[in-house]
Amino acid sequence: EAKAEALENHIYMDCMGFGMGCCCLQITFQACNITEGKFLYDQLVPICPIVMALSAGAPIFRGYLVDNDCRWDVIAGSVDCRTPEERSLKPLKENKFAIPKSRYGSVDCYLSSEGEKYNDTPLLYEPEVLKELLDGGVDLPLAKHIAHLFIRDTVSLFSEKIHQDLEKESDHFENIQSTNWQSMRFKP
């Protein structure tokens, strides 16, 4: 059946390892406070695609020469767990959002008050999470960023981590945060 549906001149990589097995560079910065962290994040956002282009070096997959030399689309495709509804291939019935891209993608918004004016594309977010964050004193740009992470289900969930004291543990947030792979990740 798979061979019958295979498109000509396409390379099929049938597991997540083809994407996540590609190497990458990860750098962690520590800021002195959240304001400085959001400003630093915003300053580095436009640099990410430039560095990615400069470091592109993956023109061959499964022994075939491909028409690009960047691993980004391969990784994004390998972890794209959106349903047909979430990919806008079918009308929404069971799902809440039509999500425009994989959980592995470019940054969706700027976080600082200085960068907020550059948020010129629609941002999907979980309204209840946004309200809770705003009621808790989180500023609007950061609250929207965090609420945006919650439009997706978690990739994994450990049974011993289901019931937690949310006043003392942050594993539920860390689980969502760590399974949304963007070109830049803000770790509060």
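Start by selecting N33 and T35: N33 caps the N-terminal end of α3, with a side-chain oxygen 3.1 Å from the backbone nitrogen of T35. Bear in mind as you go that this is a predicted model.

Next, pick out the helix itself, residues 34-44, and colour G37, K38, Y41, D42 and L44, which are buried. Look down the axis of α3: these residues share one side of the helix, because they cover an arc of only 165° around that axis. The spacing fits the usual geometry: an α-helix has 3.6 residues a turn, so residues three or four places apart point the same way.

What lies over that side? Bring up α4 (47-54), α7 (140-149) and β4 (181-182), which are among the elements covering the buried residues of α3.

Now switch to the cavities. How many reach 30 Å³ or more? There are 2.

For the largest, with a volume of about 60 Å³, select K101, S102, R103, G105, S106, D108, H148, L149, R152, N180 and Q182, the residues that line it. Colour this lining by residue type and you get 1 nonpolar, 6 polar and 4 charged.

The second largest cavity has a volume of about 40 Å³. Select H145, L149, Q177, N180, Q182, M184, R185 and F186 to see its lining. By type, the lining here splits into 3 nonpolar, 4 polar and 1 charged.

For a last stop, keep L149, N180 and Q182 on screen: they appear in the lining of the largest cavity and also in that of the second largest.

Note on methods: Residues numbered from 1 in each chain as written. Predicted model: local features only at pLDDT ≥ 70, side-chain atom pairs only at ≥ 80, totals over all residues. Heavy atoms only, no water. 1 Å grid on protein atoms, 1.4 Å probe; cavity = no way out; pocket = protein on both sides within 12 Å on 5 of 7 lines; lining within 4 Å. Points joined across faces, edges and corners; volume = space filled by probe spheres on them. Nonpolar A, V, L, I, M, F, W, Y, C, P; charged D, E, K, R; others polar. Buried < 20%, exposed > 50% of the residue type's maximum accessible area, 1.4 Å probe, protein only. Helix = DSSP H or I, 4+ residues; strand = E, 2+ residues; numbered from the N terminus. Arc of directions from axis to C-beta. Contact = heavy atoms within 4.5 Å. Polar contact = N/O pair within 3.5 Å; in protein donor to acceptor, adjacent residues only side chain to side chain.
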